Structure formats: structure tokens, C-alpha cells
Amino acid sequence: MASKFSSTLLLLSVLMSIQLLVSAGNFYRDVDITWGEGRSKIQEGGRGLALSLDKQSGSGFQSKNEFLFGRFDMQIKLVPRNSAGTVTTFFLSSQGEGHDEIDFEFLGNVSGQPYTIHTNVYTQGKGNKEQQFHLWFDPTAAFHTYTIVWNPHRIVFLVDNSPIRVFNNHESIGIPFPKSQAMKVYCSLWNADEWATQGGRVKTDWALAPFTAYYRNINIDGCAVSSGTSSCKSMGSTNNAKPWQTHELDGKGRNRLRWVQSKHMVYNYCADSKRFPQGFSAECKSSRF
């Protein structure tokens, strides 16, 4: 069964890569390099972007536009070999103290040990919704596609178009959901060796610097917000709606999600009784899908 799912996921990865080649954006047009003093380099005529990290600084970029809902795809090839202490990111965030945020963070490790994908959702400045995964492939050997689908009903995290996590809107039971603050796309490579690898026990080996992560084929299909006005019509209408606006998992998607979470999830805030002795958040008792 595991072999069958792995083959299916590999096929989906190839198909997703082909789709993005057709519809990908351009880093020159779509992003601003925001920090790193020359450590961020746009490549391949705008198709790719490399971020590097050395002992002095990391680097990062952000989208020119901000969005209120959408589908956000990014192909990433992570830092190879001994990446302990490094964190590569792809996330959405608003600004301010009570910000909203939707996170993909890739926590490096020593050679031969797997990366950890760290996901989280912040609403009005509060997170504590972490789930972590180990991947079923080597994310440093080739580009893979990481996706955030965000609509008023749910947030879906996907890897090569396979869902790894769904965070549903549970406002009906008092759980805040990010739906009122526009967010930009942010990506970065930085040092976090005080916590990132094995709880901070393994530090960054600066003799191996510079560390480099590669981004390619940014693709944003969302509701851009400018001066408080969205480029999308009412999200309540299903007429001419784009797939991400009503995205939910079908039977195959639910099966893939179950497989990923049963075989590759390594941390779930909904199961950490030591951290939450007072009891789990209310959405933990609801369906994952």
C-alpha cells in the first residue's frame, strides 16, 4: 500500500510541475527582495530565485501585492546535506501586533536525517496550531511544489498537490479563523539554531556556509487587495468561482491526507497533552476534513 501511494504521489508531483511551468509567475514582476544585502538572486530570467545564508545574515523576499484568499504555489529545492540550524520558509502574513499568518517552515537537519515541515496558523496574533511532518522524498534532490489554499471555509496545505493538512473554519464553535486581514507572500532563509534542529541541540556548522535554497515558478491565483478593495467579486457567489474558492477534499484527497498523517506526521498540537494539560482546543474534536 505504501509503495502504491508513493508512486501516485510521484506522478502527481510531475503533473503539478507541468501545470506550473505553463502558468508560473515571474520573480522580477511579482516580488521585492527585502533583506539580505545581495544574498538573494533572481535567476533564469525571473523564473527562479536563490536565497543564501552565511554567518552574517540570511535573506528573504515578499510579494509586491497582498491578498485576501487565494491559491499560492511555490516550487522549492531545500538546502542539501548538513542543513542543521537553518530554516527555509514560505508563508503568508499580514502586519501588526494582531496579525494573521499561514506557515510552511522547513527545519534543517544533519546529513542523512529528514527535514521537518513545520505548519502553523495564526489568527489575530495567536498561533499554537502546529503540525509537523517528515516527507516521503528527499526535498533537496529536486524541486517540489508546496501550496497554500486559503478561502473563507478552510486552509489546505499541499505538497506536490497532495494534502498534508486541513485547517477548517470553526468560528461557529468560537475558534478564530483568518479571513479579514490581507496577507503578502513571504519567503526567507535564516539561522534558528537555538531551536530548529532537535530542539536546538544541533547547531549550524558555519564551515559549510553559504547555505542556499532555491525557489522557482511562483504562482499566485488570488484576490489582490489594493486600498482596501479586493480584485475578486463576492466570495459568496459560486458562479464562475475558481477551484480554490470552494476547495475541499474529495474521497481521493481524504485518503491521501489520512495516509500522510498516519505515516509522516511527527507532531500534532491536538495530541500534545503535556503542552496543553488543560485540554485541547475545541477544533481538535472536530473532523480533520
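This report walks through the fold of one protein chain and then looks at two buried residues and one strand. The model is a predicted one.

**The chain as a whole**

Three helices and 16 strands make up the regular elements of the protein chain. Of its 289 residues, 52% are buried. If you consider contacts with a sequence separation of 6 or more, 68% of them join residues 24 or more positions apart. The accessible surface is about 13500 Å², and carbon and sulfur atoms account for 49% of that area.

**Strand β14 and its partners**

A good place to start browsing is β14, which spans residues 211-226. Its pairings are set out here.

| Partner of β14 | Partner residues | Sense | Bridges |
|---|---|---|---|
| β3 | 48-53 | antiparallel | six |
| β5 | 66-77 | antiparallel | nine |
| β15 | 229-230 | antiparallel | two |

R216 is a handy landmark within β14. Its bridge partners include G48, and Q75 is also bridged to R216. Further along, V225 stands opposite S230 of β15. β14 and β15 form a hairpin with two residues between them. In that turn, S227 has a positive phi of about 55°.

**T86, at the start of β6**

Strand β6 covers residues 86-93, and T86 belongs to it. Is T86 buried or exposed? Its relative accessibility is 0%, so T86 counts as buried, the cut-off for that label being under 20%. A polar atom of the T86 side chain lies 2.7 Å from the backbone oxygen of S83. Beyond its neighbours within four places in sequence, T86 is in contact with a varied set of residues, among them L53, F106, Y115, L189, W190 and F211. Two of these names tie back to the strands above: β3 runs over residues 48-53 and β14 over 211-226, and T86 touches both L53 and F211.

**P178, in a loop**

Where does P178 sit? P178 is placed in the loop between β12 (162-168) and β13 (184-191). P178 counts as buried because its relative accessibility is 0%. Which residues does P178 touch, leaving out those up to four places away in sequence? They are F69, D100, V121, Y122, T123, W150, I155 and M183. Take W150 from that list: P178 and W150 are 28 residues apart in sequence, while their C-alpha atoms are 9.1 Å apart in space. F69 offers another link to the strands, as β5 covers residues 66-77 and P178 is in contact with F69.

Key:
Residues are numbered from 1 along each chain as its sequence is written. This is a predicted model: local features need pLDDT of at least 70, side-chain atom pairs count only at pLDDT 80 or more; totals for chains, interfaces and linings use all residues. Side-chain values use heavy atoms; hydrogens and water are left out. Helices (H or I, at least four residues) and strands (E, at least two) are DSSP runs, numbered from the N terminus. Buried means under 20% relative accessible area, exposed over 50%, partly exposed in between (1.4 Å probe, protein chains only). Contact means heavy atoms within 4.5 Å. Accessible areas come from the Shrake-Rupley method with a 1.4 Å probe; for residues, only the protein chains shown count as cover. A polar contact is a pair of N or O atoms within 3.5 Å; within protein, one must be able to donate a hydrogen and the other to accept it, and residues adjacent in sequence count only if both atoms are side-chain atoms. Two strands pair if DSSP finds at least two bridges between them.
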